Amino acid sequence: MRGKRVTVIGAGLGGLMTGALLAKEGCHVTLLEKNPKVGGCLQSYTRFGSTFDTGMHLFGGMADGGNIRRICDYLGITERFTTLDLDAENDVEIFIGAENRLMPVNLRRHGLVNSLSRYFPSHQAELQAYINGVNNIVDGLDLFHLRPSDTALSRFDEDFLLPADQFIAKHVVDPQLQAILSIINTLYAGEKGITPAFLHAVLATIFLNGACRVAGGYSHFAKALSDSIIVCRPEIA
C-alpha cells in the first residue's frame with residue numbers, strides 16, 4: 001500500500017480513522033467531506049461557555065491495553081487529546097419516565113451487575129448470565145481484540161447472529177431490565193428484531209471495559225485524526 005494515492009469519501013469517524021490508518025501505512029490520502037467541518041458524530045460546539053457534543057457522548061476502549069487505545073498509540077495521536085474517566089461509582093444516570101426518577105448506573109463489567117442489582121435484586125444471576133453471554137460472543141472476535149487472524153471472525157458463538165433484543169431476553173426476563181440493557185442499541189440506531197447480538201456485544205464491551213469522555217469535546221479527537229491525513233474540500237478537489 002505504501003506510496004499509493006487513496007481518496008476517502010466522508011470525514012466522519014469511519015472516514016477519519018480509515019484515512020489515518022492508510023496515511024500511517026504510507027499512502028497519500030485525500031479526504032473529501034461535504035460539510036464545513038470534519039468529524040460527523042465527533043463534532044462539538046460551544047454555547048454560553050459550555051461545550052456540547054453533537055453525536056458521541058461516551059467513549060470506550062481507552063484504558064491501558066484497550067483496543068481503541070492501542071489504535072491511537074499506533075497512530076501516534078494518544079497525546080493529542082485528553083480523556084476523562086467517568087465516575088467510578090455512577091457512570092451514567094438513566095431516567096425512568098414511568099417512575100419519574102433517575103437511576104445511577106455503573107457501566108463497568110462488575111459495576112453494572114452490582115449497580116443494577118440494587119434496583120433488581122432478584123435478577124442478579126440473570127445480569128451475570130447476560131455479561132457472560134456478551135463475553136462469550138466477543139471472545140471469538142479476533143478483529144475486536146486486534147489479534148492476528150486470517151479472518152475477522154474466528155468462531156461463531158451460538159448467540160452470535162441472534163437479534164440483540166432476543167439475546168438480552170434469553171438471559172434477562174424482566175421487561176424494564178431488558179429495556180435498560182437495550183439502551184446501547186438505541187444509541188447506535190439499532191432495530192428490534194434486526195440488529196445482531198454480536199454488534200450489541202461489541203458496543204457493550206467497549207463500555208464494560210471502562211467508559212470515558214474526551215475533555216473539551218469530541219472535536220479534539222476528530223482533529224487529532226484529521227491532522228495526520230490530507231483534508232480536501234470538494235470544491236477544491
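This report walks through a few strands, helices, one pocket and some single residues of the structure above. The model is a predicted one, so please read each description below as a description of that prediction.

**A parallel pair and its helix**

Let's begin at the N-terminal end. Strand S1 covers residues 5-9, and five bridges join it to S2, with the two strands running parallel. One of the residue pairs is easy to find: isoleucine 9 has leucine 32 as its bridge partner in S2. Together with helix H1, these two strands make a right-handed β-α-β unit.

Strand S2 spans residues 28-32, and its side chains alternate along the way. Val29 and Leu31 point to one face and are buried. His28, Thr30 and Leu32 point to the other face and are not buried. For background, side chains in a regular strand alternate between the two faces of the sheet.

**A small antiparallel sheet**

Elsewhere in the chain, three strands form an open sheet in the order S5-S9-S6, with antiparallel pairing. S5 and strand S6 (83-85) stand at the edges, each with a single partner strand, so one side of each is left without a neighbour in the sheet.

The bridges show how this sheet is put together. S5 is joined by two bridges to strand S9, which covers residues 211-214, and glycine 60 has alanine 211 as its bridge partner there. On the S6 side, three bridges make the connection to S9, and leucine 84 is partnered with arginine 213.

**Helix H2 and what it packs against**

Which residues of helix H2 (residues 67-75) are buried? They are Asn67, Ile68, Cys72 and Leu75. Because they cover an arc of only 135° around the axis, they sit on the same side of H2. A general point helps here: an α-helix has 3.6 residues a turn, so residues three or four places apart point the same way.

The buried residues of H2 pack against helix H1 (13-24), strand S5 (59-60) and helix H9 (219-226). That links H2 to an edge strand of the small sheet, since S5 is one of the partners. Just after H2, glycine 76 takes a positive phi of about 75°.

**The largest pocket**

The largest pocket holds about 720 Å³ of space. Of the 24 residues that line this pocket, Asn67, Ile68, Phe144, Val202 and Ile206 are the closest to its centre. Asn67 and Ile68 will be familiar, as they are among the buried residues of H2.

Several elements contribute to the lining: H1, S5, H2 and helix H8 (197-208) each supply at least two residues. Which of the elements gives the most to the lining? H8 does, with six residues.

**Histidine 200 in helix H8**

Helix H8 also contains histidine 200. Is histidine 200 buried or exposed? Its relative accessible area is 0%, so histidine 200 is buried. Setting aside neighbours within four places in sequence, histidine 200 is in contact with Tyr130, Ala164, Phe167, Ile168, Leu181, Ile184 and Asn185.

Asn185 appears once more in connection with glutamate 158. The C-alpha atoms of glutamate 158 and asparagine 185 are separated by 20 Å, and the two residues are 27 residues apart along the chain.

**Three loop residues**

Glutamate 158 lies in the loop between helix H4 (124-139) and helix H5 (164-171), and leucine 146 has its place in the loop between H4 and H5 too. Asparagine 100 is found in the loop between strand S7 (92-96) and strand S8 (101-105). Here is how their accessibility looks:

| Residue | Relative accessible area | State |
|---|---|---|
| Glutamate 158 | 69% | exposed |
| Asparagine 100 | 61% | exposed |
| Leucine 146 | 31% | partly exposed |

Two of these residues also have a backbone angle to look at. Phi of asparagine 100 is near 50°, a positive value in a residue other than glycine. Leucine 146 has a phi near 55°, again a positive value in a residue other than glycine.

Key: Residues are numbered from 1 along each chain as its sequence is written. This is a predicted model: local features need pLDDT of at least 70, side-chain atom pairs count only at pLDDT 80 or more; totals for chains, interfaces and linings use all residues. Side-chain values use heavy atoms; hydrogens and water are left out. Buried means under 20% relative accessible area, exposed over 50%, partly exposed in between (1.4 Å probe, protein chains only). Helices (H or I, at least four residues) and strands (E, at least two) are DSSP runs, numbered from the N terminus. The arc is that of the directions from the helix axis to the C-beta atoms. Contact means heavy atoms within 4.5 Å. Two strands pair if DSSP finds at least two bridges between them. A crossover is right-handed if, with the strands pointing away from the viewer, the path from the first strand over the helix to the second runs clockwise. On a 1 Å grid over the protein atoms alone, a cavity is a set of points where a 1.4 Å probe fits but cannot get out, and a pocket is an open set with protein on both sides within 12 Å along at least five of seven lines; lining residues have an atom within 4 Å of a point. Grid points are joined across faces, edges and corners, and a volume is the space filled by probe spheres set on the points.
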